[in-house]
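Grab a viewer and work through these exercises at your own pace. Each one sets a task and then walks through a solution.

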Amino acid sequence: MGALTGKKIVLGVTGGIAAYKAVEIASRLRKAGAEVHVIMTREATEFVTELTFREITGQPVSVDMWAKVTNFNVEHIALATLADLVLIAPATANIIAKIAAGIADDMLTTTVLATKAPVMLAPAMNTNMYENPVTQGNMAELRRRGMQLIEPASGHLACGIEGKGRLPEPVQIVQEVMDFMTREQPLQGRRIIVTAGGTIEPLDPVRYLGNRSTGKMGYAIAAEAARQGAEVLLVSGPSNLPNPAGVRTVRIQTAREMQAAVEAEYGEADAVIMSAAVADYRPKNVAADKIKKSDDELVLHLERNPDILFGLGQQKQQQVLVGFAAETCNVEEYAKKKLTKKNLDFIVANDVSSKDAGFAVDNNRVQLYFRDGRAEKYPLMAKAELAKVILEKVAGILS
Ligand code: C5P
């Protein structure tokens, strides 16, 4: 049994000089046990013939969407549905741009647009094309959508220059495919609700009370939970961040809207991670018209918002509950109090008064306090890494 036995892989081959290496990729995938269906772009057929791939894979090869498919009793979307993985190797700057733009003008781009399977790309092109900000931007967009990009190698390129842009060796590409297909997904099948960003509470039709939370921590947790196989609902206050790949994202504004969105799915949830900075108070009266300046002083009356997490703690059954405590002093003492009061499994505490961590930056420095009294202290780390730590603890409690 090969590592890829039973897996159906659609191999997209595009028109770069490295297209010949795709023959060895197809062969190695097959040897690893995969069923390989090749889709070539028209340009790729200038470099390698369809016949080569048909012989190697033992399957029909698709090129032209409109061609009569006689021995292949499926319509053109079928490969998109059948695939466990779509691998494009080599991927030219052109196909990367087309996928980033959502163009579907041939069999390969149509399949990519129609598939729900993971997509991996191995970019290979001239160094200048690779380094061009347009290409870099397109690759960033594909990554944001959850596609996997295999880093090109550096070396002597067919166009005569030295630099980055070579297709890695087929053995390496197939290894990346195997690593990806056999990766651990500790949160597979788990339902996780993540809240992120700050809530905003209207004062009048123009103004609101808000806070400095950007949503970075919660978005990182939601994205990582989805990568680890969870079904994720992200309930987010206003944030400039794009919806994370593979995550159902609901955007709300006020604390009460956040509460409604979370409670609607709480019963079925396995875990709730409340990283949102929820406003504790809201203006008591929301003015119907814009408040005019008149006196030297303006007094605002605020009333308490619901404490969402406290409410969840009271109704807690199977759910693992994780809270955040952003403090400017006495971090440990306050965090431990909240852990108990809100009936949490653990709390992530950080000192938001330090400049290099906390709000609006990519790093965080935290302590975790658990309900059994354990405490763990972490050094400054990227929020993406911290997301992994938090989810590892959640998975541990769930298992
Ligand atoms: O009590 P404090 O606001 O510091 O607690 C922080 C934790 O409680 C965070 O996880 C936050 O998302 C949550 N919270 C909440 N509803 C509020 C205030 C905070 O769920 N109204």
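**Exercise 1: the ligand site**

A polar side-chain atom of Lys338 sits 2.4 Å from an oxygen atom of the ligand. Keep in mind that this is a predicted model.

Task: starting from Lys338, find the polar backbone atoms of Ala276 and Ile308 that approach the ligand, then list the residues around the ligand.

Solution.
- Step 1: go to Ala276, where a backbone N or O atom is 2.7 Å from an oxygen atom of the ligand.
- Step 2: move on to Ile308, which has a polar backbone atom 3.0 Å from a nitrogen atom of the ligand.
- Step 3: collect the surroundings, which consist of Met274, Ala276, Val278, Asp280, Pro306, Asp307, Ile308, Leu309, Gly323, Phe324, Lys338 and Lys342.

**Exercise 2: α1 against α2**

Task: work out how helix α1 (residues 21-31) packs on helix α2 (residues 50-57).

Solution.
- Step 1: get the geometry; the angle is about 15 degrees and the axes are 9 Å apart.
- Step 2: classify it. Angles under 35 degrees count as roughly parallel, so α1 is roughly parallel to α2.
- Step 3: check the hand, and you'll find that α1 passes α2 in a right-handed crossing.
- Step 4: pick out the contact, with Ala22, Val23, Ala26, Ser27 and Arg30 coming from α1, and Thr52, Phe53, Ile56 and Thr57 from α2.
- Step 5: sort these by class, which gives five nonpolar, three polar and one charged residues.

**Exercise 3: α1 against α8**

Task: do the same for α1 and helix α8 (residues 170-181).

Solution.
- Step 1: here the packing angle is about 45 degrees, with 9 Å between the axes.
- Step 2: α1 and α8 are therefore oblique to each other.
- Step 3: the crossing of α1 past α8 is right-handed.
- Step 4: on the α1 side you have Lys21, Glu24, Ile25, Arg28 and Leu29, and these meet Pro170, Val171, Ile173, Val174 and Val177 of α8.
- Step 5: the class count is seven nonpolar, no polar and three charged residues.

**Exercise 4: α9 against α13**

Task: describe how helix α9 (residues 216-227) crosses helix α13 (residues 383-398).

Solution.
- Step 1: the two axes come within 8 Å and cross at roughly 60 degrees.
- Step 2: α9 and α13 are therefore oblique to each other, and their crossing is right-handed.
- Step 3: α9 brings Lys216, Met217, Ala220, Ile221, Glu224 and Ala225 up to Lys383, Ala384, Leu386, Ala387, Lys388, Ile390 and Leu391 of α13.
- Step 4: by class, that contact has nine nonpolar, no polar and four charged residues.

Key. Residues numbered from 1 in each chain as written. Predicted model: local features only at pLDDT ≥ 70, side-chain atom pairs only at ≥ 80, totals over all residues. Heavy atoms only, no water. Axes fitted to C-alpha atoms, helices over the stretch in contact; angles between N-to-C directions. Helix = DSSP H or I, 4+ residues; strand = E, 2+ residues; numbered from the N terminus. Parallel < 35°, antiparallel > 145°, perpendicular 65-115°, else oblique. Left-handed = near helix turned anticlockwise from the far one by under 90°. Contact = heavy atoms within 4.5 Å. Nonpolar A, V, L, I, M, F, W, Y, C, P; charged D, E, K, R; others polar. Near = heavy atom within 4 Å. Polar contact = N/O pair within 3.5 Å; in protein donor to acceptor, adjacent residues only side chain to side chain.
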